[in-house]
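Student: Before we discuss this model, could you set out the terms and then let me question how they are applied?

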Amino acid sequence: MKKIVAINASPRKGWNTDIIVMEAAKGAESTGAYIKKTDLYKIEKFTGCISCFGCKREKNLGQCIYKDGLAPVLEEIRKADGLIIGSPNYLGISARRSGHFMKGWFFSI
C-alpha cells in the first residue's frame, strides 16, 4: 500500500486550501493509498530551518538535528511514497508556515 503525506499549510481549516488538499488526498485514497494528513498550523513549536548545517554533516546527513514539532512530519515524508502540499497564496507569497516548512524540508533533503 502506498503512503501519501498531505500537508495543509493554511491556518483556515475547512476553507479552500484545506478542501483542495483533502480532495487530492481522497483521489489518492481511492486508488488504495494510505493518507497521513498534517495541518501545519496545529503543530506546536516549529521554526523551520535555522541554518545550523547539522543535516549536512555525515553523522546526520539528511536528518534535521533540531527536534521541534516539525521533526515527526519530516520523518513521515521520508517514509512516504508521495506528498501533497497545499498553501494559500497571499499577494504572490505563500503562507508563513508553508515557507518555514519548505525550508526545513528542502534543506534536509
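Tutor: Helices (H or I, at least four residues) and strands (E, at least two) are DSSP runs, numbered from the N terminus. This is a predicted model, in which local features need pLDDT of at least 70 and side-chain atom pairs count only at pLDDT 80 or more, while totals for chains, interfaces and linings use all residues. Residues are numbered from 1 along each chain as its sequence is written, and side-chain values use heavy atoms, with hydrogens and water left out.

Student: What makes H2 a helix that lies across E1, E2 and E3, and at what angle to E1 does H2 run?

Tutor: Contact means heavy atoms within 4.5 Å, and angles run from 0 to 180 degrees between the N-to-C directions of axes, which are lines fitted to C-alpha atoms, for helices over the stretch in contact. Helix H2 (residues 71-79) lies across E1, E2 and E3 at about 140 degrees to E1, and helix H1 (residues 16-30) lies across these three strands at about 175 degrees to E1.

Student: How do you know that E1 and E2 pair, and how many bridges join them?

Tutor: Two strands pair if DSSP finds at least two bridges between them; six bridges join strand E1 (residues 3-8) to E2, so the two strands, which run parallel, meet that criterion. Asn8 stands opposite Asp39 in E2.

Student: Why are E2 and E3 called edge strands?

Tutor: The open sheet has the order E2-E1-E3, with parallel pairing. Strand E2 (34-39) and strand E3 (82-86) each pair on one side only, and are therefore its edges.
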